[in-house]
Structure formats: C-alpha cells, structure tokens
Amino acid sequence: MTATPVLVLLDHAADGTLRPPVRELLTLARELAGDAGVHGVWAGAEDVAGALPVLAAQGVSTVHRLVADADPHLSAVLADGLQAALAATGATVLLLVSSFENKEAAARVAVRTGAGVVTDADGVVLEDGRVVAHKTVLAGTWTTRCAVTAPRAVVTVKANSVTAQDAAVPSTPAVVDLPVEVRPGSTRVHLVERTEHADSGRPDLGSAHVVVVGGRGTEGDFSVVEELADVLGGAVGATRVATDEGWIAHDAQIGQTGVTVSPRLYIGAGVSGAVHHRGGMQASGTIVAVNNDPDAPIFEIADFGVVGDLFTVLPQAAAELRRLQG
C-alpha cells in the first residue's frame, strides 16, 4: 500500500462541536498518511465553522461536507457519503470512532468497496505497506494483530486508544461540498423523529476517560455511583442485570451486547465481573473493584481491589477526593 491520504469521519455534536475521540483519530491519521495528508468528512447540516480551529491544529488539509437529499446520519446514507469521499480523495484508509452507528456504516462501505474492515481497534500501524490493526477479542482475553490484505482498509477505533496531539505545523483546512448520490435502497429507513435526552453534564460513556459502574450490588440505588462519577468528572455505566432490572437506562450497559469502553480509569462498584461484562471493559487502563464478596471474579483482573460495602466505600472516596481537590 503506497502513501495515500487518510480519511477520517468527523463525529460531532448537534452544536457542531467535535467529539473528543476525533482528535485521537486525526493524530493517528497523520501518522498513517505521512506527507499524503489527512482529509475529514463532515456529515450533517451542522455548521463546520466552530470545528475548524481544532481541525487546523490537527493539520487537516480538506473537509468534505456531504451534500445529500437524505439524512446523512442514517447509516446507509452515511455509507454512500463515505464511499463518495473515498473516491474523491483516493484515500486507501478510512478511520471512524468505534460506535454502533459507525460500525454499521463501516461494514456497508467495506462491502461496497471491497475493503478489509476491522472494528473496535485500539491501535493502527503500517507494516510492510499493510494496515495492521491491534484489538482485543474473546471477552478481552486475547490481544490480536489484524493485517488488512485488501487494497483499502476501513477501521473503527475505540476511544482513549491514542493520545491526541496537535500537528507540528497547523494547517488551513479547505471546506468543500461533496455531492452524494444516494442509492435507492439507502432510503428504505425513514427518520420519524428525534428525542433529545436531558443533558446529565457527564461525558459520553463510550469516550469518557473515567467510568464508574454499578452492578447488582447497588440493588438499584445508583446515587453513590453517580456521586463518585461527578467528583471524578466521569461517566456512569452499568452491568446488564442493572439495566434489565430497570435501575438505569439500557444505553448505560457495558458488555458484549452493550457499550465497549476503554477508559483510563474504570471503577466497578458491586460488579461481579461476569464474562459478558468483562468483554466490554477489560481493555481499561486501570481497573478498581469494590465488592463485599472477596471471591468475586472481577478481582482477578482488577489492579486495585477493595473488599467492602460500596455504600460505605464510595462516599468515603468521594469525600476524600473533594478534600484533595480543595
């Protein structure tokens, strides 16, 4: 694979603010592209102007703003746009933040273009002209290296996998409109309405640097979990049993069928450490477990373990952190 531009999907919020993991992707993209340059794809009607200073600091050369007759937030329409962007730039590597929606779009693009696709990667390098992605599999028990042998690689990367750094030389990104021909089959799904969730003030679960998780041991009371998360500026997660019991919304579930997280700090309170849950968090940087059962499986993978009542330990930890913070 010769040096070609690298294409990055620029995930952003409704106000046009780039999501934090995008800076990580752009840092990674610069390493892969070298002198060939980094291009971004902007999907949606949100104004790109507010994101340009960040993109300039990251050395992005061009932002391709998708122009389509359908909602580009739908995965099939987004795939049409990404395919058009790949053709326009000649890029052989497409990077996306690893999310449910992006993984669906990545699969569609890979099928249409004959690309090799790797999801939930935690590192991407070039070796002997090939894209090689690193990822954990089988509930986090194996670390693998996946070499893409196809001419093009589509890779979704987990948040917190790369340390974001600005480019040595900033750029002046050009913003160009990219007309997208939407396939007839891409509009089979129609967006009926959007419901905006109340802002909790906490970071997104999938990209948070700190995640505090409550399990069966909370018995439905997440107040101490939320208190500690707020002190640490982290997100709140849960195990499957907690969401199945209706103690917390399903979008907080971490595990093989939930959100996969890789924060720098994971704190599990009343979490047993079942295989299903471990598969979604075992790649965390530092794992702290609080459980009153000394034989809980989560202690096998924890860096620090506290055997005790979470309703005693977590408030004490929050109080001490407040003291240290002044």
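Leaving aside neighbours within four places in sequence, Gly90 is in contact with Thr4 and Pro5. The model is a predicted one. Gly90 sits in the loop between α3 and β4 (93-97). With a relative accessible area of 37%, Gly90 is partly exposed. Computed along the chain in residue numbers, Gly90 and Ser61 are 29 residues apart, and their C-alpha atoms are 14 Å apart in space.

**Helices α3 and α4**

Two packed helices are described by the angle between their axes and the distance between the axes. Helix α3 (residues 75-89) packs against helix α4 (residues 100-113) at an angle of about 50 degrees, and their axes are 8 Å apart. An angle from 35 up to 65 degrees is neither roughly parallel nor roughly perpendicular, and α3 and α4 are therefore oblique to each other. Their crossing is right-handed. On the α3 side, the contact is made by Ser75, Ala76, Leu78, Ala79, Asp80, Leu82, Gln83 and Leu86. On the α4 side, Glu101, Asn102, Glu104, Ala105, Arg108, Val109, Arg112 and Thr113 take part. The residues of this contact divide into seven nonpolar, four polar and five charged.

**Helix α1**

Helix α1 (residues 21-33) has 13 residues, which at 1.5 Å a residue should span 18 Å; the end C-alpha atoms of α1 are 18 Å apart, in agreement with that value. The helix is mostly covered, as 10 of its 13 residues are buried. The buried residues of α1 are Pro21, Val22, Glu24, Leu25, Leu26, Thr27, Leu28, Ala29, Leu32 and Ala33. Just after α1 comes Gly34, which takes a positive phi of about 60 degrees.

**Positive phi outside glycine**

Positive phi values also occur in Asp120 and in Asn160, neither of which is a glycine. The table sets out their phi and place.

| Residue | Phi | Place |
|---|---|---|
| Asp120 | about 60 degrees | strand β5 (residues 116-121) |
| Asn160 | near 70 degrees | loop between β9 (153-157) and β10 (174-179) |

Are these residues buried or exposed? A residue is buried when its relative accessible area is under 20%. Asp120, at 17% relative accessibility, therefore counts as buried. Asn160 has a relative accessible area of 16%, so Asn160 is buried too.

Key: Residues are numbered from 1 along each chain as its sequence is written. This is a predicted model: local features need pLDDT of at least 70, side-chain atom pairs count only at pLDDT 80 or more; totals for chains, interfaces and linings use all residues. Side-chain values use heavy atoms; hydrogens and water are left out. Axes are lines fitted to C-alpha atoms, for helices over the stretch in contact, and angles run from 0 to 180 degrees between N-to-C directions. Helices (H or I, at least four residues) and strands (E, at least two) are DSSP runs, numbered from the N terminus. Angles under 35 degrees count as roughly parallel, over 145 as roughly antiparallel, 65 to 115 as roughly perpendicular and the rest as oblique. A crossing is left-handed if the near helix is turned anticlockwise from the far one by less than a right angle, and right-handed if clockwise. Contact means heavy atoms within 4.5 Å. Ala, Val, Leu, Ile, Met, Phe, Trp, Tyr, Cys and Pro count as nonpolar, Asp, Glu, Lys and Arg as charged, and the others, Gly among them, as polar. Buried means under 20% relative accessible area, exposed over 50%, partly exposed in between (1.4 Å probe, protein chains only). The expected span of a helix is 1.5 Å times one less than its number of residues.
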